[in-house]
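This report looks at the salt bridges of one protein chain and at the surroundings of the residues that form them. Please keep the sequence and the structure in view while reading.

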Amino acid sequence: MKAVLCRQYGLPETLTVEQTESPKAVSGKLVIQVKACGVNFPDTLMIQGKYQVKPLFPFSPGGEVAGVVKEVGEGITHLKPGDRVFALTGFGGFAEETLADGFKTFPLPAGMEYDTAASMMYTYGTSYHALKDRADLQTGETLLVLGAAGGVGLAAVELGRMMGANVIAAASTDEKLALCRQVGAGDTINYSREDLRERIRQITGGRGVDVVYDPVGGPLTEAALRSVSWQGRYLVVGFAAGQIPAIPLNLPLLKGCSVVGVFWGAFAEKQRQDNQDNVQQLLAFYQQGRIKPHIQAQYPLEKAPQALRDMMNRQVLGKVVVIP
């Protein structure tokens, strides 16, 4: 089979497309013929050795796939060869075939396309876990989403609106903010030319926001934290800006607010049934027409490094996928 391989840590341009051996099913795992693989920010960190998961070399990036079951290992009874599925693999998805855990693989709903299925897990899984399980977002609350036009950010805007929140989307260009308004943002902030704190004060009448969803980190974090209302919740989702910020701990004290970590990958591993329940709920939302991934582009396997470069350059609106 063909696969995109990372043989040493580096930038996307160091990746190669090579022929390699097909994986074999083992106990608790299955082999999937990959039809589509979502591209996500953790992929860009993993190939540089900056992610908390460090696979052995050589490995393929790509953590969420959709395709057809080729072979099942011992102990897997809910799936069989020929079934259409989507799965959280963590890595290995930029390939014609990949290995997946049985408990992280789900049947594909009738009518769902492979590229859509490969765009659900990381973005909606992360954002739904964050807003539902970690923030307990309530109807009528105000939600601020930073990096709102990225994959997880756009999912948070869409889910926040669906959950009854007043959503403020913050991003770096007017084009990105226009997309955020399309999926449910009521107010927007262009933080490349507007003062984040002042705009939040104007929008909320000085009250502040109940929940901040932050996949960006960097210099905006403290300004956003200072804009949290009394007993608000600040969701630490990631650091797309490349900088892990230091925050003054007197701010959570003075505001009585919570700074809450969101690590969906660990949640999916440690709370398997809770995660499976969330995935089934998200599939129901999709089938009801309440959520729909925004897929900007598809890349062939040979162009997967370009997909990662576009992700690193923050040129992706919503999602992009690799099609082997």
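Is Glu 198 buried, partly exposed or exposed?

## A pair within helix α6

In this predicted model, Glu 198 is partly exposed, its relative accessible area being 30%, and Arg 201 is likewise classed as partly exposed, with a value of 46%. The two residues form a salt bridge in which the closest N and O atoms are 2.6 Å apart. Both belong to helix α6 (residues 196–204), where they are three residues apart and therefore separated by about one helical turn.

Elsewhere, salt bridges with shared partners bring Lys 104, Glu 269 and Arg 272 together in one network.

## A pair between distant parts of the chain

Arg 309 and Glu 13 also meet through their side chains in a salt bridge, with an N to O distance of 3.0 Å. This pair links distant parts of the chain, 296 residues apart: Arg 309 lies in helix α11 (residues 304–312), whereas Glu 13 lies in the loop between β1 (2–5) and β2 (16–19).

The two partners fall into separate accessibility classes, since Arg 309 has a relative accessibility of 18% and so counts as buried, while Glu 13, at 52%, counts as exposed.

## A buried aspartate and the overall count

Asp 83 forms a salt bridge with Lys 80, and the closest N and O atoms of that pair are 3.0 Å apart. With a relative accessible area of 18%, Asp 83 is buried, because the cut-off for that class is under 20%.

For the model as a whole, the count comes to 16 salt bridges.

Conventions: Residues numbered from 1 in each chain as written. Predicted model: local features only at pLDDT ≥ 70, side-chain atom pairs only at ≥ 80, totals over all residues. Heavy atoms only, no water. Salt bridge = Lys/Arg side-chain N within 4 Å of Asp/Glu carboxyl O. Helix = DSSP H or I, 4+ residues; strand = E, 2+ residues; numbered from the N terminus. Buried < 20%, exposed > 50% of the residue type's maximum accessible area, 1.4 Å probe, protein only.
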